[in-house]
Amino acid sequence: MKAVTWHGKRDVRVDSVPDPVVEDPTDVVVRVTSTGLCGSDLHLYEVLGPFIDVGDILGHEPMGVVEEVGPEVTEVKPGDRVVIPFNVSCGTCFMCGRGLQSQCETTQVREQGTGASLFGYTKLYGQVPGGQAEYLRVPFGNTLPIKVPDGPPDDRFVYLSDVLPTAWQAVEYADPGDSLVVLGLGPIGDMATRVAGHRGVGTVIGVDLVPERMARAEAHGVTVLDARDKDLVGHIRELTGGRGPEAVVDAVGMEAHGAPVAKLAHQAVGLLPDAIAAPFMKTAGVDRLHALRLAIDIVRRGGTISLSGVYGGMADPLPLLTLFDKQVQLRMGQANVWRWVPEILPLLTDEDPLGVDSFATHHLPLDEAPHAYEIFQRKRDGAVKVLLRP
């Protein structure tokens with residue numbers, strides 16, 4: 001089969017690799033019909049090379065049709081249409097039972113000290129072959145796949161793999177009340193503003209600096225501010241009764257702009273041999289914290305910051321004195337996909353209140369994955385959300 005594989009920094013290729021097969025009695029093999037390109041994939045494209053091997057299959061936002069099932073699979077059958085969550089969770093352990101599928105005790109990567117395994121996402125998270133491919137082996141066939149109805153196009157359901165539950169959890173954790181600021185209007189930030197609007201948050205403000213992203217959010221009724229505004233914090237306070245918003249979602253993480261020293265740290269780590277870079281990245285601070293520090297400045301006293309953007313540095317300094325003084329609550333974590341599916345799926349089966357049908361800016365064949373990564377990483381050609389079609 002064809003699959004998108006990693007070959008080095010900014011070097012992904014479409015290679016021929018062996019087809020996946022049923023290895024465990026509860027495995028299923030899915031023929032992928034759509035698979036997303038995520039901002040987290042850009043971390044692999046840019047800075048996480050020490051934790052990935054040449055030939056590893058990328059991608060964690062797939063959906064498709066069940067082709068084959070193991071002998072103990074009873075909940076899905078060949079021909080069923082399914083979405084595959086990005087976290088590999090068993091659905092039956094203590095953590096899964098608490099709705100914390102991203103901490104699944106069955107698939108935790110204990111040798112790395114991390115939570116549940118992820119599809120297509122480095123040795124830190126299990127080095128499980130990803131979904132930017134023609135076929136995908138999916139474990140836990142009775143509990144992991146999300147069955148969806150036939151009929152509507154893939155765009156209606158594919159975001160259940162990551163974008164929708166990540167944005168939903170970001171807003172849920174923010175508990176915004178009357179006002180929310182979303183920093184970063186990429187796919188997660190954009191969807192978080194839509195979720196907030198759907199849930200009745202009165203004032204929703206989005207902050208970005210990419211014109212296409214800002215225009216998309218504005219078209220959905222979001223008040224949009226330019227991140228380069230020298231009085232950004234002041235203008236946000238003007239819009240939120242002088243106190244700042246009740247909650248801030250940081251949907252930026254490692255992709256943050258505006259921190260040249262940390263940018264140089266990213267570049268320097270990328271030049272180190274893997275044997276040196278890997279432990280350095282696990283113990284040192286290599287993130288650009290501009291967005292998080294901005295969130296701390298913006299949020300009102302007693303408010304909440306919800307982190308959905310991925311941060312990677314172990315020792316990045318936090319201004320704990322300010323957080324303590326402002327009595328800020330900080331919530332974060334990988335999305336627990338199955339925790340939110342029962343709330344989200346009904347919004348996808350009739351009307352389209354979150355605008356998922358037109359959410360993708362680009363639909364490209366799998367063979368054009370290298371081009372897709374390039375335009376998404378460089379924010380060219382209006383690329384905000386890219387779906388690949390095997």
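1. A good place to start is the open sheet: 6 strands in the order 10-9-8-11-12-13, with parallel pairing. Here strands are DSSP runs of E of at least two residues, and helices are runs of H or I of at least four, numbered from the N terminus; two strands pair if DSSP finds at least two bridges between them. Strand 10 (223–226) and strand 13 (329–332) are the edges, each pairing on one side only.

2. Before going on, please note that this is a predicted model, where local features need pLDDT of at least 70 and side-chain atom pairs count only at pLDDT 80 or more, while totals for chains, interfaces and linings use all residues. Residues are numbered from 1 along each chain as its sequence is written, and side-chain values use heavy atoms, leaving out hydrogens and water.

3. Within the sheet, strand 8 (residues 179–183) and strand 9 (residues 203–208) are joined in the parallel sense by 5 bridges. Leu 183 stands opposite Val 207 of strand 9.

4. Now to the aromatic rings: the whole structure holds 3 aromatic pairs (Phe, Tyr or six-membered Trp rings with centres within 6.5 Å; planes under 30 degrees apart are stacked, over 60 edge-to-face, the rest tilted). Tyr 45 and Tyr 373 make a tilted one, 5.3 Å centre to centre with 40° between the planes. This pair links helix 1 (residues 39–46) to helix 12 (residues 369–377), its members being 328 residues apart. Both Tyr 45 and Tyr 373 are buried, where buried means under 20% relative accessible area, exposed over 50% and partly exposed in between (1.4 Å probe, protein chains only).
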